[in-house]
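Dear colleague,

I am passing on to you a structure that you have not worked with before, and I would be glad if you could open it and keep it beside this message while you read. My notes on two parts of it follow below.

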Amino acid sequence: MSTTEPLASDSVVGGGKKLRPERTNATKQRLFEASMELIGERGAAGVTVDEIAAAAGVSKGTVYYNFGSKSDLIAQLLRHGVDIMLVRLQDVQGQSSDPLESMKNMVGQAMEFMDDYPSFARLWVSENWRTPGEWSAVFAELRAELLAVIGSAVARVAEGYTVDESIARGSLEAAIFGAIFVVGLDRQTYNPERTREQSVAAVMTIMHGYVIK
């Protein structure tokens with residue numbers, strides 16, 4: 001993970017619990033990087049606090065000081081990653097007067113985020129649909145925020161084009177959301193020769209099917 005991304009302080013996780021104060025952004029950044037690499041490779045359940053601390057070059061006590069528990073660490077990791085993704089998606093909204101082109105730009109930004117943070121993307125896919133899950137409430141909240149941004153982009157397309165009204169808007173948004181992660185991870189894992197543009201074009205076929213020519 002790039003160390004240039006901002007880190008939220010005093011974040012709130014599921015149940016309204018505030019995370020413990022951070023010592024320094026540098027320490028927390030190392031913990032984020034180590035956590036994403038380990039959890040992205042082996043899943044949250046397969047990683048211990050001792051391993052996270054060792055990979056980050058800090059003591060186990062530092063992990064608990066900054067986050068309170070492994071559960072809180074993962075919750076804030078998810079929040080941090082989604083915050084970065086939301087900023088990127090919102091930054092390209094409205095850059096084009098064509099709502100389909102604007103949607104394409106958003107999908108491109110999402111793919112770029114996954115290239116920059118592949119371990120986060122793997123963590124999201126491996127844990128998001130696990131039921132019952134320890135972070136189900138956190139995932140539900142973050143998923144809703146991402147779908148809201150996608151939904152607003154879909155709404156602009158519907159305003160600017162004639163669309164197939166028989167397609168449920170919520171299902172369309174979920175299809176785009178899921179395709180971004182699946183197509184992006186498939187390229188990274190199995191087909192690295194594919195370009196980002198090819199992956200974006202594949203996801204955009206969903207929207208082109210929604211628009212009536």
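In this predicted model, helices H5 and H7 pack with their axes 8 Å apart and at an angle of about 160 degrees. Because an angle over 145 degrees counts as roughly antiparallel, H5 is roughly antiparallel to H7, and the crossing in which H5 passes H7 is left-handed. On the H5 side the residues that meet the partner helix are Pro99, Leu100, Ser102, Met103 and Met106, while H7 brings Val149, Ile150, Ala153, Val154, Arg156, Val157 and Gly160 to the contact. Sorted by character, the residues of this contact between H5 and H7 comprise nine nonpolar, two polar and one charged.

The second part concerns enclosed space. The count comes to one cavity of 30 Å³ or more, and the volume of the largest cavity is about 90 Å³. Its lining is made up of Met85, Leu89, Met103, Met106, Val107, Ala110, Leu146, Ile150, Ile176, Phe177, Ile180 and Phe181. The elements that each give two or more residues to this lining are helix H4 (70–92), helix H5 (99–116), helix H7 (136–160) and helix H8 (169–189). As for the character of the lining, its residues divide into 12 nonpolar, with no polar and no charged ones.

When you look at the two parts together, you may wish to begin with Met103 and Met106 of H5 and Ile150 of H7, which belong to the contact between these helices and also line the largest cavity.

With best regards

Terms used:
Residues are numbered from 1 along each chain as its sequence is written. This is a predicted model: local features need pLDDT of at least 70, side-chain atom pairs count only at pLDDT 80 or more; totals for chains, interfaces and linings use all residues. Side-chain values use heavy atoms; hydrogens and water are left out. On a 1 Å grid over the protein atoms alone, a cavity is a set of points where a 1.4 Å probe fits but cannot get out, and a pocket is an open set with protein on both sides within 12 Å along at least five of seven lines; lining residues have an atom within 4 Å of a point. Grid points are joined across faces, edges and corners, and a volume is the space filled by probe spheres set on the points. Helices (H or I, at least four residues) and strands (E, at least two) are DSSP runs, numbered from the N terminus. Ala, Val, Leu, Ile, Met, Phe, Trp, Tyr, Cys and Pro count as nonpolar, Asp, Glu, Lys and Arg as charged, and the others, Gly among them, as polar. Axes are lines fitted to C-alpha atoms, for helices over the stretch in contact, and angles run from 0 to 180 degrees between N-to-C directions. Angles under 35 degrees count as roughly parallel, over 145 as roughly antiparallel, 65 to 115 as roughly perpendicular and the rest as oblique. A crossing is left-handed if the near helix is turned anticlockwise from the far one by less than a right angle, and right-handed if clockwise. Contact means heavy atoms within 4.5 Å.
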